[in-house]
Amino acid sequence: MYGAIITVLFLAAVVFLAYRRLGLLSFCGTLTLLVALYCYLAPPAPTWKAVLWLLTALLWLLNVKPLRRALISAPFLASYRRMLPSMSQTEKEALDAGTVWWDGELFTGAPRWEKLLSASAPQLSDAEQAFLDGPCEVLCGMLDDWDITHRRADLPPEVWSFLTAKGFFAMIIPRQYGGLEFCAYAHSCVLAKIASRSTTCSSIVAVPNSLGPAELLNHYGTQQQKDYYLPRLACGDEIPCFALTGPRAGSDAASLPDTGVVCRGSWQGQEVLGLKLNFSKRYITLAPVATLIGLAFRMFDPDQLLGARTDLGITVALIPRGTPGITIGRRHFPLNIPFQNGPIEGVDVFVPLDSLIGGPAMAGQGWRMLVEQLSVGRCISLPSNATGSAKAAVWATGAYARVRRQFNLPIARFEGIEAVIARMTGLTYTMDAARSVTAGAIDGGEKPSVPSAMLKYHVTEMSRIVANDAMDVHGGKGICLGPNNYLGRGYQTVPIAITVEGANILTRNLIIFGQGAIRCHPFVLKEMEAARNPDRRAGIAQFDSALFGHMGFTISNSMRSLVMSLTFARLRGVPDHGPTRRYYQHIERFSASFAFAVDVAMLTLGGYLKKKESLSARLGDVLSAMYLASMVLKHYDNEGQPEADLPIVEWACRNLLYSAQEQLHGFLRNFPNRFLAGLMRVLIFPRGLTYFAPSDRLSRQVADLVTAPTPTRLRLGVHAYTTLNERSPLGLLQEVLLLAEGAELLEKRVRDEGVKAGRVTALDLPGRIAQAVAAGILTQAEGASLAEFDRKVMQIVRVDDFAPHELVPGA
Ligand SMILES: Cc1cc2nc3c(=O)[nH]c(=O)nc-3n(C[C@H](O)[C@H](O)[C@H](O)COP(=O)(O)OP(=O)(O)OC[C@H]3O[C@@H](n4cnc5c(N)ncnc54)[C@H](O)[C@@H]3O)c2cc1C
C-alpha cells in the first residue's frame, strides 16, 4: 500500500512538472531528484528502476545541443521538408497578412487572460455617437424596404443623395480628405443600425467602406492619387466598386485570367507607357452605378519595358468608368435584394501606368494588398450587417411571440417557442460580442486575420439560424411579403452574406484552421521558416530550438488536457469573474485539449491535413468556439457585467463550449490513425463527454428576457433601429410589448369574470371587450385601452394581399 501511494505521488509529481511547463534543464534536474527520492522511499523492482534511470539519463542527453541536433533535429528536418506542403506565393502572402491577437493565445493551451481583459472597451466619440443619433437615424426613417426591394429595385434618388451628402460612403476616409474617419467600432455600429432596417441599403453602404478603391488608396496610394481621388470619393463625386471575381475565378480568386499587358498607347492625346487590359468580371457590387473601378488583374510585361520580369503577378488599378473598351451598367438580381450589382467587361482597355494603385512600384503587389485589407474588412462589413439583421429579428420575434396568441396563450409561453427564442437571443448576443470586441481590437491596432475569417463564417452562419428561427416563430406572417413584412428580405439576404468575401464552406474548411495553425501556433511558423532557410547549418539550429520547444509544448498540453479534464478545470486559476469564472476555466481546458490535438494532427498528417478538410474544419470550429466564448465574456465585462444579462451570457458560453466538445469528439471519431485517436481520447475526454448544452430552464430564462420590455432587451437593441413610430415595425412591436402586460391582466379579468361566468359570450376580443364593459367587468377606460392594444396587435399580425397586377414588379 505504502509503495503504491509513493508510486502514485511520484507519477503525479511528474505530471505536475509537465503541466507547469518547466524548461528541459529544470525538468531534468527536478526529475532526477524525484527519481532518487522515489527509489529511496519505495524502491521499485530492479528493471523498473533501471528503466527510470535510463530515461532520466536520455533526457539529460537531450540538453547536449550538438548531439541532439545531429541525432534528432537534422534527420527530422530532412523528413519535415518532404512533409511540408507546397505553398504558392499568394498563400504565403495570405499567411503573412495581419496580426496574431487573442487567437494566438488560444493556441497555447494556457491563454493569458490579461491580454484580452486589459483591452479597453470599444468607444464611440461624440461625433460618432452624434452621427448614429443624427444622420443614421434619419436615414433609417427614410428607408421603405418594400419600396426599395419590390417597386424600384433600387434606393430612391433622395436616399442616394442623402448617403453621399452625409458621408456614409466616407467612413474610412481620413478627415483631411473630407471623410468621416470613423473608428472600426463606429463604422460597425452604423452598418448594424442600417441593416436592422434595410439590408439592401446596408450592403450598399458597406461596399465603399470596405475593400475597394478608398481603402486601397488610403494604405497604398501615391500622394497624388490620394489628393485627387479621396476627396472625390468622400463627397460622393465618385462611386467606387471593386472587381476581383470573374466567371472563371470565384473562390480561387488568385487564379484570375484577366490580364494587363505593359505597352505603349495613346492617353489624352499623348503616347505614354501603360497597360492594355482585357477582363471579364461578374457579381461586382455597385458596378452598375460606379464611376471608379478598382480592378484586379494579372500584369505581364512581355517586352520587358519595366524591367527583367515578364510576369509581375496580381496587380490593382483604378479605372474611370468611361474609359473606352469598358462595358458596364447591366445588373444581376441577387435574391430580391436589389443592391446595385453587375458584371463588367473590358476589351483592350488602355490606361496609363499611373493608374496602378501606388504607381508602378506596386505592380504585382495586388494580392498582398487585398489580403492585408481583408484581415480588417472581414471583421466589419458582413459581421456588422449580420448582427444588425439578427438584432432586428430577435427584437421583433420576442415582441411578436408575446402578443401573438394561440390556444389562449401567448405563443412565447410554449416551450418549443421558448427554446427557439433563446437560441436566437444567445446567438445574437454572441454575434454582437464578436463584432464589437473584435472591432475594439482593431481600434487598438490589431489586424486580426484569423478572427476575421472566424467572424465572417460564424457570424453569418449564426445569422442564418436566427433568420430561420424568426421565420418559424412568425409562421405565415414572415412568409407573405409586402410592406407589412419586416423579416422576409433579411431572410433572403442571408445566402448573399454566406457567399461573398470568401464563401463559407471554403472559409470553414480551408481558411480558419489552415491559416490559424500556421499563423497562431507558437512553433509551427518558426519550424517552417527553419525548413526554408537556405543556410543549412543555421536552419538546423533554428529548427532544433523550435522542435524541442514544440515537443515540450505538446507534452505539457497533453498533461494539462488530462488534468483539467479530470478536475473539470476547477483548480485552474483564472481571473475572478464571479459567476462567469467557470467559463474562463472551461476555455482553458479546451485550449489545452485543442493545442494537443492540433500537434498530434500536424505531426502525423503533415501537409495531408490540408486535404483532410473535414478534420481541419472541426479543429477550426473548436478554435472559433473558444474565441467566440472569450468575446462573449469580454463583452459582458465591457457592458459592466449587468446581472440581468447573465442567463444570456451563460447560454452563449454553454452553447459554444458544448460545440467545442462535440467538434473535438467528431475530430477524434474521424481521425485516421485509430491508435492515436484512442490515446488522444484518453487525454482529452478521460471522463467521457461531460459538457452539456444549455438546459431548458436556462432557455426559459433567456426567452423571458426578450419577450418582456426588460433592460436586457433594450441593451440587445442598442445599435438597431427601434425608434417608436408607426412606420417602424420594430418600434410598433416594442410599443405593443409595453402595453402587453397591462392588457394581459385585463384580458384575464374578462376571461375569469366574464367568459367563465357566462356573462361574456362573444368569440372575438372586440366583442368580448364590448360585453365586458357593458357588464361592468371593465371600466370604459380599461375597455378603450384593451381595444387599442388589440388594434395594434392586429396591425402587427396583418399580412399584405395584392390585386394580381400589383405584384408585377414596379407596380
Ligand atoms: C451578391 C454578390 C456580391 C458580390 N460582390 C462582389 C464584389 O463587389 N467584388 C468582387 O470581386 N466579387 C464579388 N462577389 C463575388 C464573391 O466574392 C464570390 O461569389 C465568392 O468568392 C464565391 O465565388 P463563386 O460564387 O464563383 O463560387 P465558387 O467559387 O464556384 O464556389 C462554389 C462553392 O464551392 C466552395 N468551395 C470552393 N473551393 C473550396 C474548397 N477548396 N474547399 C471547400 N469548398 C470550396 C465554396 O465555398 C462554395 O460553397 C459577389 C458575389 C455576390 C453573389
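This is a short talk on a predicted model of a protein with a ligand, covering the ligand site, the nonpolar cores and a handful of single residues.

I will start with the ligand. Its shell consists of 21 residues, and F242, L244, T245, S251 and Y283 are the closest of them. Sorted by class, the shell holds 13 nonpolar residues, six polar ones and two charged ones.

Which secondary structure elements supply at least two residues each to that shell? There are two strands, β1 at 240–243 and β3 at 270–285, and two helices, α19 at 488–499 and α20 at 504–519.

Now the polar contacts, which involve nitrogen on the ligand side. At F242, a backbone N or O atom sits 2.9 Å from a ligand nitrogen. At Y283, again with a backbone N or O atom, the distance to a nitrogen atom of the ligand is 2.8 Å. T245 uses its side chain: an N or O atom there is 2.7 Å from a nitrogen atom of the ligand. As for area, the ligand taken alone exposes 980 Å², and 69% of that is buried by the protein.

Next, the cores. In soluble globular proteins, nonpolar side chains tend to be buried together. Here the largest nonpolar core has 176 residues, and F168, I344 and F671 have the most contacts inside it. The helix that gives the most to this core is α16, residues 415–443, with 14 residues.

Take F168 as an example of the packing. Beyond its neighbours within four places in sequence, F168 is in contact with F131, P135, C136, L139, F162, L163, V190, I194, V205 and N209. A separate core of 32 residues lies apart from the largest one, and its members include I173, Y229, I357 and M369.

Staying with helix α16, look at T430, which is found in that helix. Is T430 buried or exposed? It is buried, because its relative accessible area is 1%, and the cut-off for buried is under 20%. A polar atom of the T430 side chain lies 2.7 Å from the backbone oxygen of G426. Outside the four-place window in sequence, T430 is in contact with M462, L628, V632, A652 and L656.

S375 can be read along similar lines. This serine is in helix α15, residues 366–403. With a relative accessible area of 2%, S375 is also counted as buried. Its side chain has a polar atom 2.6 Å from the backbone oxygen of E372. What does S375 touch, once residues up to four places away in sequence are set aside? The list is G98, K447, P448, S449 and S452.

Two residues in helices are less covered. I72, in helix α4 at residues 65–83, is partly exposed, with a relative accessible area of 32%. Residues up to four places away in sequence aside, I72 touches L62, L547 and F548. For a sense of distance, I72 and E415 are 61 Å apart in space, C-alpha to C-alpha, and 343 residues apart in sequence.

The other is A127, in helix α8, residues 126–142. A127 is exposed, since its relative accessible area is 53%, and exposed means over 50%. A127 and F182 are separated by 55 residues in sequence and by 8.9 Å in space, C-alpha to C-alpha.

Last, backbone geometry. Most residues other than glycine have a negative phi. I have two exceptions to show.

One is A153, which is not a glycine but has a positive phi of about 55°. A153 is in the loop between α9, residues 145–152, and α10, residues 157–165. At 22% relative accessibility, A153 is partly exposed.

The other is N408, also not a glycine, with a positive phi of about 65°. Where is N408 found? It is in the loop between β8, 405–406, and β9, 409–410. N408 is exposed, at a relative accessible area of 58%.

To recap, the protein buries 69% of the area the ligand exposes when taken alone. The largest nonpolar core has 176 residues, and a core of 32 residues lies apart from it. The positive phi values I showed are at A153 and at N408. That is the end of the talk.

Methods: Residues are numbered from 1 along each chain as its sequence is written. This is a predicted model: local features need pLDDT of at least 70, side-chain atom pairs count only at pLDDT 80 or more; totals for chains, interfaces and linings use all residues. Side-chain values use heavy atoms; hydrogens and water are left out. A residue is near a molecule or strand if one of its heavy atoms lies within 4 Å of it. A polar contact is a pair of N or O atoms within 3.5 Å; within protein, one must be able to donate a hydrogen and the other to accept it, and residues adjacent in sequence count only if both atoms are side-chain atoms. Accessible areas come from the Shrake-Rupley method with a 1.4 Å probe; for residues, only the protein chains shown count as cover. Helices (H or I, at least four residues) and strands (E, at least two) are DSSP runs, numbered from the N terminus. Ala, Val, Leu, Ile, Met, Phe, Trp, Tyr, Cys and Pro count as nonpolar, Asp, Glu, Lys and Arg as charged, and the others, Gly among them, as polar. Buried means under 20% relative accessible area, exposed over 50%, partly exposed in between (1.4 Å probe, protein chains only). Contact means heavy atoms within 4.5 Å. A nonpolar core is a set of buried Ala, Val, Leu, Ile, Met, Phe, Trp, Tyr and Cys residues joined through side-chain atoms within 4.5 Å.
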